[in-house]
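Me: I would like a close look at one part of this protein. Please keep it brisk.

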Amino acid sequence: MKIVDAKVIVCSPGRNFVTLKLTTEDGVHGLGDATLNGRELAVAAYLQEHLVPLLIGRDARRIEDTWHYLYKGAYWRGGPVTMTAIAAVDTALWDIQGKALGVPVYQLLGGRARDSVMVYGHAHGDDVEETVASVARFVAAGYKAVRAQSGIPGLAATYGVAVAHSATTVGKSYEPAVRGLPVESLWSTEKYLETVPRLFARVRQELGADVHLLHDVHHRLTPNEAARLGKELEPYHLFWMEDPVPAESQESFRLIRRHTTTPIAVGEVFSSIYDCQQLIQEQLIDYVRATVVHAGGLTHLRRIAHLAELHHVRTGCHGATDLSPVCMAAALHFDLSVHNFGIQEYLPHNDDTDRVFPHAYTFADGAMHPGEAPGLGVDIDEALAATFPYQRAYLPVNRKLDGTLHSW
Ligand code: EZ4
Ligand code: CO
(Lines give C-alpha, C1' and ligand atoms only; values in the text may rest on other atoms or scores of the structure.)
(Ligands and ions follow the chains in the order given, each with its own letter.)
Protein backbone atom coordinates (compact mmCIF):
# COMPACT_ATOMS: atom_id res chain seq x y z
CA MET A 1 0.00 0.00 0.00
CA LYS A 2 2.31 2.70 -1.31
CA ILE A 3 1.93 6.38 -0.57
CA VAL A 4 1.54 8.15 -3.93
CA ASP A 5 0.66 11.68 -2.85
CA ALA A 6 1.47 13.93 0.11
CA LYS A 7 -0.09 17.36 0.34
CA VAL A 8 0.48 20.10 2.93
CA ILE A 9 -2.67 22.19 3.32
CA VAL A 10 -2.51 25.53 5.16
CA CYS A 11 -5.80 27.27 5.92
CA SER A 12 -7.19 29.83 8.34
CA PRO A 13 -10.91 29.41 9.11
CA GLY A 14 -10.66 31.77 12.10
CA ARG A 15 -7.15 30.65 13.00
CA ASN A 16 -4.31 28.92 11.16
CA PHE A 17 -4.18 25.17 10.67
CA VAL A 18 -1.60 23.03 8.87
CA THR A 19 -2.84 19.64 7.69
CA LEU A 20 -0.97 16.79 6.01
CA LYS A 21 -2.97 14.65 3.58
CA LEU A 22 -1.41 11.36 2.47
CA THR A 23 -2.97 9.29 -0.31
CA THR A 24 -2.13 5.67 -1.14
CA GLU A 25 -2.10 3.86 -4.47
CA ASP A 26 -5.47 2.33 -3.47
CA GLY A 27 -6.98 5.79 -3.22
CA VAL A 28 -7.23 5.76 0.59
CA HIS A 29 -6.31 9.06 2.20
CA GLY A 30 -5.29 9.89 5.75
CA LEU A 31 -4.97 13.18 7.62
CA GLY A 32 -2.57 14.46 10.23
CA ASP A 33 -2.65 17.76 12.12
CA ALA A 34 0.64 19.70 11.84
CA THR A 35 -0.38 22.97 13.53
CA LEU A 36 2.19 24.70 15.76
CA ASN A 37 0.50 27.90 16.91
CA GLY A 38 2.43 31.03 15.87
CA ARG A 39 5.12 29.01 14.01
CA GLU A 40 2.85 27.29 11.48
CA LEU A 41 4.90 27.76 8.32
CA ALA A 42 8.06 26.31 9.86
CA VAL A 43 6.27 22.96 10.14
CA ALA A 44 4.66 23.34 6.71
CA ALA A 45 8.12 23.87 5.18
CA TYR A 46 9.64 21.00 7.20
CA LEU A 47 6.97 18.71 5.80
CA GLN A 48 6.97 20.03 2.27
CA GLU A 49 10.72 20.38 1.78
CA HIS A 50 12.09 17.55 3.89
CA LEU A 51 9.49 14.84 4.63
CA VAL A 52 7.24 14.70 1.55
CA PRO A 53 10.11 13.44 -0.67
CA LEU A 54 10.75 10.64 1.86
CA LEU A 55 7.10 9.59 1.99
CA ILE A 56 6.34 9.06 -1.68
CA GLY A 57 6.68 5.35 -2.43
CA ARG A 58 6.77 4.23 1.24
CA ASP A 59 4.46 1.47 2.49
CA ALA A 60 1.71 3.26 4.45
CA ARG A 61 1.27 0.22 6.72
CA ARG A 62 4.76 0.55 8.24
CA ILE A 63 3.75 3.04 10.92
CA GLU A 64 6.37 2.11 13.51
CA ASP A 65 9.20 1.93 10.99
CA THR A 66 8.25 5.29 9.45
CA TRP A 67 8.24 6.92 12.89
CA HIS A 68 11.82 5.77 13.58
CA TYR A 69 12.90 6.54 10.02
CA LEU A 70 11.85 10.16 10.44
CA TYR A 71 13.02 10.51 14.08
CA LYS A 72 16.40 8.77 13.93
CA GLY A 73 16.85 9.56 10.25
CA ALA A 74 16.89 13.30 10.90
CA TYR A 75 19.99 12.94 13.12
CA TRP A 76 18.82 16.18 14.85
CA ARG A 77 16.46 14.86 17.48
CA GLY A 78 13.31 16.28 18.95
CA GLY A 79 12.08 19.86 19.16
CA PRO A 80 8.55 21.10 18.52
CA VAL A 81 8.90 21.68 14.75
CA THR A 82 10.35 18.24 14.02
CA MET A 83 8.03 16.41 16.40
CA THR A 84 4.92 18.17 15.05
CA ALA A 85 5.91 17.22 11.52
CA ILE A 86 6.52 13.59 12.55
CA ALA A 87 3.19 13.63 14.41
CA ALA A 88 1.36 14.69 11.25
CA VAL A 89 2.81 11.78 9.27
CA ASP A 90 2.15 9.30 12.06
CA THR A 91 -1.45 10.45 12.56
CA ALA A 92 -2.17 10.25 8.83
CA LEU A 93 -0.78 6.69 8.71
CA TRP A 94 -3.02 5.53 11.60
CA ASP A 95 -5.96 7.12 9.78
CA ILE A 96 -5.07 5.24 6.59
CA GLN A 97 -4.61 1.96 8.47
CA GLY A 98 -8.03 2.30 10.10
CA LYS A 99 -9.72 3.11 6.81
CA ALA A 100 -7.93 0.29 4.98
CA LEU A 101 -9.09 -2.22 7.62
CA GLY A 102 -12.54 -0.62 7.97
CA VAL A 103 -12.26 0.09 11.73
CA PRO A 104 -12.07 3.21 13.89
CA VAL A 105 -8.51 3.92 15.06
CA TYR A 106 -9.32 3.16 18.71
CA GLN A 107 -9.89 -0.49 17.70
CA LEU A 108 -6.32 -0.59 16.40
CA LEU A 109 -5.09 0.79 19.74
CA GLY A 110 -6.50 -2.07 21.79
CA GLY A 111 -10.19 -1.27 21.75
CA ARG A 112 -12.16 0.87 24.15
CA ALA A 113 -11.03 0.96 27.76
CA ARG A 114 -14.08 3.09 28.72
CA ASP A 115 -17.44 4.09 27.28
CA SER A 116 -16.68 7.76 26.70
CA VAL A 117 -14.10 10.40 27.45
CA MET A 118 -14.65 12.96 30.22
CA VAL A 119 -13.79 16.47 29.02
CA TYR A 120 -13.38 19.81 30.74
CA GLY A 121 -14.56 23.15 29.42
CA HIS A 122 -13.17 26.64 30.01
CA ALA A 123 -15.10 28.97 32.29
CA HIS A 124 -13.88 32.51 32.77
CA GLY A 125 -14.99 35.97 33.75
CA ASP A 126 -13.65 39.45 34.26
CA ASP A 127 -13.82 39.01 38.03
CA VAL A 128 -14.44 36.30 40.63
CA GLU A 129 -18.23 36.58 40.64
CA GLU A 130 -18.50 36.49 36.83
CA THR A 131 -16.26 33.44 36.78
CA VAL A 132 -18.40 31.67 39.41
CA ALA A 133 -21.45 32.33 37.22
CA SER A 134 -19.59 31.04 34.17
CA VAL A 135 -18.65 27.77 35.96
CA ALA A 136 -22.31 27.38 36.96
CA ARG A 137 -23.37 27.63 33.32
CA PHE A 138 -20.95 24.85 32.34
CA VAL A 139 -22.30 22.65 35.12
CA ALA A 140 -25.87 23.37 33.97
CA ALA A 141 -24.83 22.40 30.42
CA GLY A 142 -23.74 18.96 31.68
CA TYR A 143 -19.98 19.40 32.14
CA LYS A 144 -18.50 17.26 34.91
CA ALA A 145 -15.24 19.19 34.92
CA VAL A 146 -14.57 22.88 34.42
CA ARG A 147 -11.43 24.99 34.25
CA ALA A 148 -11.86 28.37 35.97
CA GLN A 149 -9.80 31.48 35.13
CA SER A 150 -10.67 34.90 36.49
CA GLY A 151 -9.62 38.42 35.62
CA ILE A 152 -7.24 39.88 38.21
CA PRO A 153 -8.09 43.25 39.79
CA GLY A 154 -5.51 45.78 38.65
CA LEU A 155 -4.48 43.87 35.52
CA ALA A 156 -5.99 44.86 32.18
CA ALA A 157 -5.99 41.39 30.59
CA THR A 158 -5.26 37.98 32.04
CA TYR A 159 -4.56 34.62 30.41
CA GLY A 160 -7.71 32.60 29.86
CA VAL A 161 -10.16 35.46 30.10
CA ALA A 162 -12.26 36.21 27.03
CA VAL A 163 -11.32 38.89 24.58
CA ALA A 164 -13.52 38.30 21.56
CA HIS A 165 -16.28 36.06 22.87
CA SER A 166 -18.83 36.65 25.55
CA ALA A 167 -18.02 35.03 28.87
CA THR A 168 -21.64 33.92 29.05
CA THR A 169 -21.41 31.52 26.11
CA VAL A 170 -20.96 27.88 27.01
CA GLY A 171 -19.35 25.83 24.31
CA LYS A 172 -17.90 28.65 22.25
CA SER A 173 -14.20 29.21 22.21
CA TYR A 174 -12.84 32.22 24.04
CA GLU A 175 -9.51 31.86 22.32
CA PRO A 176 -9.35 34.38 19.52
CA ALA A 177 -6.64 34.11 16.89
CA VAL A 178 -4.23 36.94 17.51
CA ARG A 179 -3.52 38.07 13.97
CA GLY A 180 -0.82 40.59 13.25
CA LEU A 181 2.03 41.25 15.67
CA PRO A 182 1.90 39.85 19.25
CA VAL A 183 -0.48 41.43 21.74
CA GLU A 184 1.23 42.27 25.05
CA SER A 185 -0.37 41.54 28.42
CA LEU A 186 0.69 42.61 31.91
CA TRP A 187 1.45 40.39 34.85
CA SER A 188 1.66 40.68 38.62
CA THR A 189 2.35 37.52 40.61
CA GLU A 190 1.27 39.26 43.84
CA LYS A 191 -2.16 40.24 42.49
CA TYR A 192 -2.63 36.81 40.91
CA LEU A 193 -1.80 34.88 44.08
CA GLU A 194 -4.19 37.05 46.03
CA THR A 195 -7.11 36.38 43.63
CA VAL A 196 -7.00 32.67 42.76
CA PRO A 197 -7.69 31.17 46.25
CA ARG A 198 -10.65 33.57 46.63
CA LEU A 199 -11.99 32.40 43.27
CA PHE A 200 -11.98 28.72 44.23
CA ALA A 201 -13.40 29.39 47.67
CA ARG A 202 -16.37 31.08 46.00
CA VAL A 203 -16.81 28.40 43.32
CA ARG A 204 -16.92 25.61 45.93
CA GLN A 205 -19.27 27.64 48.11
CA GLU A 206 -21.72 28.15 45.21
CA LEU A 207 -21.38 24.82 43.40
CA GLY A 208 -20.54 22.25 46.05
CA ALA A 209 -18.08 19.36 46.04
CA ASP A 210 -19.14 17.36 42.97
CA VAL A 211 -17.80 19.34 40.02
CA HIS A 212 -14.17 18.74 39.09
CA LEU A 213 -12.34 22.07 39.11
CA LEU A 214 -9.18 22.83 37.18
CA HIS A 215 -6.92 25.85 36.91
CA ASP A 216 -4.13 26.82 34.48
CA VAL A 217 -1.24 28.84 35.95
CA HIS A 218 0.27 28.98 32.43
CA HIS A 219 3.93 28.74 33.46
CA ARG A 220 4.01 32.00 35.42
CA LEU A 221 5.23 31.16 38.91
CA THR A 222 8.45 30.10 40.58
CA PRO A 223 8.46 26.71 42.32
CA ASN A 224 8.11 28.31 45.73
CA GLU A 225 5.23 30.53 44.60
CA ALA A 226 3.55 27.50 43.03
CA ALA A 227 3.99 25.58 46.29
CA ARG A 228 2.19 28.40 48.13
CA LEU A 229 -0.66 28.43 45.62
CA GLY A 230 -1.05 24.66 45.69
CA LYS A 231 -1.16 24.72 49.48
CA GLU A 232 -3.75 27.51 49.61
CA LEU A 233 -5.92 25.67 47.07
CA GLU A 234 -5.89 22.37 49.00
CA PRO A 235 -9.22 22.97 50.81
CA TYR A 236 -10.98 23.30 47.41
CA HIS A 237 -9.80 19.89 46.11
CA LEU A 238 -8.79 20.82 42.59
CA PHE A 239 -8.69 18.16 39.89
CA TRP A 240 -5.43 19.79 38.88
CA MET A 241 -3.23 22.86 38.94
CA GLU A 242 -1.75 23.15 35.43
CA ASP A 243 1.69 24.33 34.33
CA PRO A 244 2.59 25.92 37.68
CA VAL A 245 6.13 26.71 36.48
CA PRO A 246 7.93 26.46 33.14
CA ALA A 247 9.03 22.83 32.91
CA GLU A 248 12.42 23.03 31.23
CA SER A 249 13.80 22.27 34.65
CA GLN A 250 12.02 19.07 35.63
CA GLU A 251 13.56 18.96 39.13
CA SER A 252 11.74 22.24 39.99
CA PHE A 253 8.69 20.13 40.56
CA ARG A 254 10.29 18.40 43.54
CA LEU A 255 9.97 21.58 45.54
CA ILE A 256 6.29 22.03 44.64
CA ARG A 257 5.56 18.38 45.36
CA ARG A 258 7.18 18.54 48.80
CA HIS A 259 4.73 21.24 49.90
CA THR A 260 1.34 20.42 48.46
CA THR A 261 -1.09 17.60 47.65
CA THR A 262 -2.89 19.69 44.99
CA PRO A 263 -2.54 17.51 41.86
CA ILE A 264 -0.21 18.85 39.17
CA ALA A 265 -0.65 18.70 35.39
CA VAL A 266 2.02 19.68 32.92
CA GLY A 267 3.09 19.09 29.35
CA GLU A 268 1.08 20.87 26.65
CA VAL A 269 4.36 22.22 25.24
CA PHE A 270 6.21 18.90 25.50
CA SER A 271 7.33 17.29 22.29
CA SER A 272 8.79 14.02 23.48
CA ILE A 273 9.03 11.50 26.29
CA TYR A 274 12.40 13.01 27.24
CA ASP A 275 10.62 16.23 28.29
CA CYS A 276 8.71 14.36 31.00
CA GLN A 277 10.79 11.29 31.76
CA GLN A 278 11.97 12.59 35.15
CA LEU A 279 8.60 14.15 36.01
CA ILE A 280 6.96 10.78 35.46
CA GLN A 281 9.58 8.46 36.93
CA GLU A 282 9.94 10.50 40.12
CA GLN A 283 6.15 10.89 40.37
CA LEU A 284 6.47 14.67 40.45
CA ILE A 285 3.23 15.17 38.50
CA ASP A 286 -0.22 13.61 38.39
CA TYR A 287 -1.24 14.29 34.78
CA VAL A 288 0.79 14.56 31.59
CA ARG A 289 -0.73 16.96 29.04
CA ALA A 290 1.19 16.05 25.91
CA THR A 291 -1.06 15.48 22.93
CA VAL A 292 -0.95 13.87 19.50
CA VAL A 293 0.04 16.84 17.33
CA HIS A 294 2.98 18.17 19.34
CA ALA A 295 4.33 14.96 20.83
CA GLY A 296 5.16 12.81 17.83
CA GLY A 297 1.75 11.38 17.00
CA LEU A 298 -0.22 8.46 18.39
CA THR A 299 2.84 6.19 18.23
CA HIS A 300 4.91 8.35 20.56
CA LEU A 301 2.08 9.59 22.77
CA ARG A 302 1.26 5.97 23.58
CA ARG A 303 4.86 5.44 24.73
CA ILE A 304 4.53 8.43 27.07
CA ALA A 305 1.23 7.09 28.42
CA HIS A 306 2.63 3.63 28.99
CA LEU A 307 5.59 5.01 30.94
CA ALA A 308 3.18 7.20 32.90
CA GLU A 309 0.99 4.21 33.77
CA LEU A 310 3.89 2.58 35.60
CA HIS A 311 4.19 5.63 37.86
CA HIS A 312 0.53 6.44 38.64
CA VAL A 313 0.49 9.38 36.22
CA ARG A 314 -2.62 9.80 34.08
CA THR A 315 -3.19 11.55 30.75
CA GLY A 316 -4.84 14.95 30.19
CA CYS A 317 -4.42 15.83 26.53
CA HIS A 318 -4.21 19.46 25.50
CA GLY A 319 -7.28 20.35 23.45
CA ALA A 320 -7.30 24.08 22.77
CA THR A 321 -8.69 25.49 19.50
CA ASP A 322 -5.24 25.91 17.95
CA LEU A 323 -5.17 22.10 17.68
CA SER A 324 -7.25 21.19 14.63
CA PRO A 325 -10.23 18.80 14.59
CA VAL A 326 -7.82 16.22 13.14
CA CYS A 327 -5.83 16.32 16.38
CA MET A 328 -9.02 16.30 18.47
CA ALA A 329 -10.23 13.17 16.67
CA ALA A 330 -6.88 11.43 17.14
CA ALA A 331 -6.76 12.43 20.82
CA LEU A 332 -10.25 10.99 21.39
CA HIS A 333 -9.26 7.61 19.90
CA PHE A 334 -6.22 7.66 22.20
CA ASP A 335 -8.29 8.72 25.24
CA LEU A 336 -10.89 6.02 24.68
CA SER A 337 -8.29 3.27 24.44
CA VAL A 338 -5.50 4.15 26.86
CA HIS A 339 -5.81 2.59 30.32
CA ASN A 340 -4.49 5.52 32.39
CA PHE A 341 -6.70 8.19 30.82
CA GLY A 342 -7.43 11.14 33.11
CA ILE A 343 -9.36 13.83 31.26
CA GLN A 344 -9.47 15.59 27.87
CA GLU A 345 -9.49 19.37 27.36
CA TYR A 346 -12.28 20.46 25.01
CA LEU A 347 -12.91 23.80 23.38
CA PRO A 348 -15.33 23.64 20.47
CA HIS A 349 -14.03 25.09 17.20
CA ASN A 350 -15.87 27.85 15.40
CA ASP A 351 -18.41 26.94 12.70
CA ASP A 352 -16.05 27.65 9.78
CA THR A 353 -13.46 25.26 11.23
CA ASP A 354 -16.09 22.56 11.77
CA ARG A 355 -17.22 22.98 8.15
CA VAL A 356 -13.65 22.74 6.81
CA PHE A 357 -13.04 19.61 8.94
CA PRO A 358 -16.27 17.55 9.03
CA HIS A 359 -15.94 15.00 11.83
CA ALA A 360 -17.59 12.02 13.50
CA TYR A 361 -16.75 12.89 17.11
CA THR A 362 -19.56 13.99 19.40
CA PHE A 363 -20.12 15.67 22.75
CA ALA A 364 -22.89 14.80 25.23
CA ASP A 365 -23.25 15.00 29.02
CA GLY A 366 -19.78 16.36 29.64
CA ALA A 367 -18.09 13.60 27.65
CA MET A 368 -16.95 12.92 24.11
CA HIS A 369 -16.73 9.94 21.77
CA PRO A 370 -14.64 9.61 18.60
CA GLY A 371 -17.46 7.87 16.70
CA GLU A 372 -17.40 4.62 14.72
CA ALA A 373 -16.27 5.87 11.31
CA PRO A 374 -13.25 3.98 9.92
CA GLY A 375 -9.92 5.69 10.62
CA LEU A 376 -9.98 8.91 12.62
CA GLY A 377 -13.44 9.92 11.39
CA VAL A 378 -12.40 13.37 10.23
CA ASP A 379 -11.99 14.83 6.75
CA ILE A 380 -10.96 18.09 5.11
CA ASP A 381 -12.98 20.05 2.55
CA GLU A 382 -10.06 21.31 0.49
CA ALA A 383 -12.11 23.66 -1.68
CA LEU A 384 -13.60 25.33 1.38
CA ALA A 385 -10.19 25.41 3.11
CA ALA A 386 -8.79 27.31 0.10
CA THR A 387 -11.27 30.12 0.74
CA PHE A 388 -9.56 30.78 4.12
CA PRO A 389 -5.93 31.68 3.28
CA TYR A 390 -3.16 31.76 5.88
CA GLN A 391 -2.76 34.95 7.91
CA ARG A 392 0.34 35.52 10.01
CA ALA A 393 -0.49 35.23 13.70
CA TYR A 394 1.38 35.16 16.99
CA LEU A 395 0.65 34.11 20.54
CA PRO A 396 0.66 37.02 23.01
CA VAL A 397 3.69 37.99 25.07
CA ASN A 398 3.55 38.91 28.73
CA ARG A 399 5.40 41.55 30.79
CA LYS A 400 5.64 42.31 34.48
CA LEU A 401 4.34 45.71 35.57
CA ASP A 402 7.89 47.16 35.32
CA GLY A 403 8.24 46.02 31.70
CA THR A 404 10.32 42.88 32.27
CA LEU A 405 9.42 40.13 29.80
CA HIS A 406 7.75 37.19 31.58
CA SER A 407 6.40 33.81 30.44
CA TRP A 408 2.99 34.08 28.74
O1 EZ4 B 1 -2.17 28.60 25.70
O2 EZ4 B 1 -3.13 26.31 23.14
O3 EZ4 B 1 -4.57 24.69 28.47
N4 EZ4 B 1 -4.57 25.31 27.47
C5 EZ4 B 1 -3.70 26.28 27.13
C6 EZ4 B 1 -3.85 26.89 25.75
C7 EZ4 B 1 -2.51 27.35 25.18
C8 EZ4 B 1 -2.60 27.47 23.67
C9 EZ4 B 1 -1.21 27.77 23.08
O10 EZ4 B 1 -1.23 27.66 21.68
O11 EZ4 B 1 -2.85 26.62 27.93
O12 EZ4 B 1 -4.74 27.96 25.87
CO1 CO C 1 -2.66 25.13 29.45
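What spacing do the donors of the cobalt ion (ligand 2) follow along the chain?

Reply: The donors of the cobalt ion (ligand 2) follow the spacing D-x25-E-x25-E. Before the details, some ground rules. This is a predicted model, where local features need pLDDT of at least 70 and side-chain atom pairs count only at pLDDT 80 or more, while totals for chains, interfaces and linings use all residues. Residues are numbered from 1 along each chain as its sequence is written, chains are lettered from A and ligands numbered from 1 in the order in which they are written, and side-chain values use heavy atoms, leaving out hydrogens and water.

Start with the metal. Asp-216 (OD), Glu-242 (OE) and Glu-268 (OE) are its protein donors, at 1.9 to 2.2 Å from the cobalt ion (ligand 2). Donors here are N, O and S atoms within 2.8 Å of the metal (3.2 Å for Na, K and Ca); water is not among the atoms, so sites may look incomplete. The site of the cobalt ion (ligand 2) is irregular, with angles of 24 to 180 degrees among its six donor atoms. Irregular means anything outside these classes: four donors are tetrahedral if all angles lie between 85 and 135 degrees; four are square planar and six octahedral if opposite donors are over 155 degrees apart and all others between 65 and 115.

Asp-216 and Glu-268 link distant parts of the chain, 52 residues apart. Asp-216 sits in strand β7 (residues 212-216). Glu-268 lies in the loop between β9 (264-266) and α9 (277-281). Helices (H or I, at least four residues) and strands (E, at least two) are DSSP runs, numbered from the N terminus. Both Asp-216 and Glu-268 are buried. Buried means under 20% relative accessible area, exposed over 50%, partly exposed in between (1.4 Å probe, protein chains only).

Now follow β7 to its partner. β5 and β7 pair in the parallel sense over three bridges. Two strands pair if DSSP finds at least two bridges between them. Val-146 stands opposite Leu-213 in β7.

Strand β5 (residues 145-150) is mostly covered, with six of its six residues buried. Ala-145, Arg-147 and Gln-149 point one way from β5. Val-146, Ala-148 and Ser-150 point the other way.

β5 also pairs with strand β4 (residues 117-125), in the parallel sense over six bridges. There, His-124 has Gln-149 in β5 as its bridge partner. The chain crosses from β4 through helix α5 (residues 128-140) to β5 in a right-handed β-α-β crossover. Right-handed means that, with the strands pointing away from the viewer, the path from the first strand over the helix to the second runs clockwise.
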